[in-house]
Amino acid sequence: MAVLPIQIMGNPVLHARASDVTDFGEDLTTLVANMFETMEAAPGVGLAAPQVNVPLRLFVFNWTDDDDTLWRGVAINPTVWVSPMPIGPADDEAESEGCLSVPGERFALRRSESVMLSAVDLDQKSFEIRAEGWLARIFQHEYDHLDGVLYVDRLEHAVGKSAAKTLKKNGWGEPGLSWMPGVDDLEG
C-alpha cells in the first residue's frame with residue numbers, strides 16, 4: 001500500500017465528472033487500499049478517487065458516530081438520494097465543513113440531513129446505507145467529488161466571496177497543485 005498525493009482545487013480531475021468503474025480487477029483493489037491509507041494519513045473521514053488524480057466514480061469513508069459505530073467502506077458507482085434541504089443559512093460551527101482538496105480551510109455549508117447511498121463494493125455486491133447527520137454530510141461531500149463539484153462551489157454567496165479571497169491568497173485554483181499526507185504540513 002502507498003500514500004498518494006492529494007490534488008488541490010484547480011486540477012482538472014477535480015472539476016469534471018468521473019467515469020464509471022468497469023474493471024474490478026487487482027488495480028482497483030490496490031487503488032482502494034491506497035485510498036484508505038491516504039485518507040488515514042491525511043487525516044480525513046472520506047476520500048474520492050478524483051482527489052488522488054483517478055477519474056473514477058468511487059470513494060472510501062471511515063467515520064465513527066456518537067454511538068461508537070464505525071462506518072467504513074468503499075462506495076463504487078454510487079447513487080445518493082437526498083432529503084429536502086433545510087431552509088436558512090448554514091450554522092458557522094455545526095455545519096462547518098472541510099476538504100482534503102482545500103486543505104486547512106473550513107467553511108459553513110448547509111447540507112441535507114439524511115441521504116440514501118446505493119453502491120457496490122469491491123466484490124460488486126450491491127448495498128444501501130440510510131445515513132443521517134454527519135455521515136449523510138460525508139456521503140454528499142464525497143459524491144459531489146464524483147461529479148466534479150467541490151464543497152466551496154456550493155457555498156452561499158457571502159461565505160463564497162470570503163472563501164474565494166482565502167483560496168486565492170493560498171494560491172489555489174491552478175492546475176498541478178497537490179500535497180502529500182505525512183510529508184506536507186497541510187490539513188483539511
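So, the order of the elements: starting at the N terminus, this protein runs β-α-β-β-β-β-β-β-β-α-α-β. Added up, that gives 3 helices and 9 strands. One thing to keep in mind while I talk: what you're looking at is a predicted model.

Okay, overall shape. How does the radius of gyration sit against that of a compact globule? For 188 residues, a compact globule would come out near 16 Å, and this protein has 16 Å, so the two agree. If you draw a box along the principal axes, the C-alpha atoms fill roughly 45 × 35 × 30 Å.

What about inside and outside? Buried residues account for 48% of the 188. The exposed surface is about 9500 Å², and 49% of that comes from carbon and sulfur atoms. On charges, there are 14 positive and 30 negative ones, and their mean positions lie 8 Å apart.

Here's a number about how the chain folds back on itself. Take the contacts between residues at least 6 apart in sequence: 69% of those join residues at least 24 apart.

Now let's go through two of the helices. Find α1 first, residues 26-41. With its 16 residues, α1 spans 23 Å from first C-alpha to last, close to the 22 Å you'd expect at 1.5 Å a residue. Which residues of α1 are buried? They are L28, L31, V32, N34, M35, F36, T38 and M39. And those buried residues pack against strands: β1 (6-7), β2 (46-48), β3 (58-64) and β4 (70-82).

Keep going along the chain past α1 and you get to P43, in the loop between α1 and β2. Zoom in here, please. The peptide bond from A42 to P43 is cis, with omega near -15°. For context, most peptide bonds are trans.

On to α2, residues 133-146. This helix has 14 residues and reaches 21 Å end to end, C-alpha to C-alpha, close to the expected 20 Å. Why do I call α2 largely enclosed by the rest of the structure? Because 12 of its 14 residues are buried. Reading along, the buried ones are L135, A136, R137, I138, F139, Q140, H141, E142, Y143, D144, H145 and L146. Notice that charged residue types are on that list too, including R137, E142 and D144. The cover over them includes β2, β3, β4, β5, β7 (114-120) and β8 (126-132).

Let's pick one residue out of α2, namely H145. Is H145 buried or exposed? Its relative accessibility is 1%, so H145 counts as buried. Setting aside residues up to four places away in sequence, H145 touches L14, A16, A48, P50, Q51, C99, S101 and L150. Just after α2, you'll also find G148 with a positive phi of about 80°.

That brings me to backbone angles elsewhere. Most residues other than glycine have a negative phi. Two residues here go the other way. D68, in the loop between β3 and β4, has a positive phi of about 65° although it isn't a glycine. D68 counts as exposed because its relative accessibility is 66%. Then there's N77, which is also not a glycine and has a positive phi of about 50°. N77 is placed in strand β4. At 25% relative accessibility, N77 is neither under the 20% cut-off for buried nor over the 50% cut-off for exposed, so N77 counts as partly exposed.

While we're in β4, look at A75, which belongs to that strand as well. A75 has a relative accessible area of 0%, so it's buried. What's around A75? Leaving out neighbours within four places in sequence, A75 is in contact with R57, L58, F59, F61, L117, A119, V120 and F127.

Last bit: distance along the chain versus distance in space. A75 and S126 are 51 residues apart in sequence, and their C-alpha atoms are 9.4 Å apart. Now try P84, out in the loop between β4 and β5 (96-99). P84 is exposed, because its relative accessibility is 74%. How far is P84 from S126 in sequence and in space? They're 42 residues apart in sequence, and 25 Å apart from C-alpha to C-alpha. Put those two pairs up on the screen and have a look for yourselves.

Key. Residues numbered from 1 in each chain as written. Predicted model: local features only at pLDDT ≥ 70, side-chain atom pairs only at ≥ 80, totals over all residues. Heavy atoms only, no water. Helix = DSSP H or I, 4+ residues; strand = E, 2+ residues; numbered from the N terminus. Expected span 1.5 Å × (residues − 1). Buried < 20%, exposed > 50% of the residue type's maximum accessible area, 1.4 Å probe, protein only. Contact = heavy atoms within 4.5 Å. Rg over C-alpha atoms; globule rule 2.2 N^0.38 Å. Areas by Shrake-Rupley, 256 points an atom, 1.4 Å probe, with all protein chains shown as cover. Lys, Arg positive; Asp, Glu negative; His and termini not counted. Charge placed at Lys NZ, Arg CZ, Asp CG, Glu CD.
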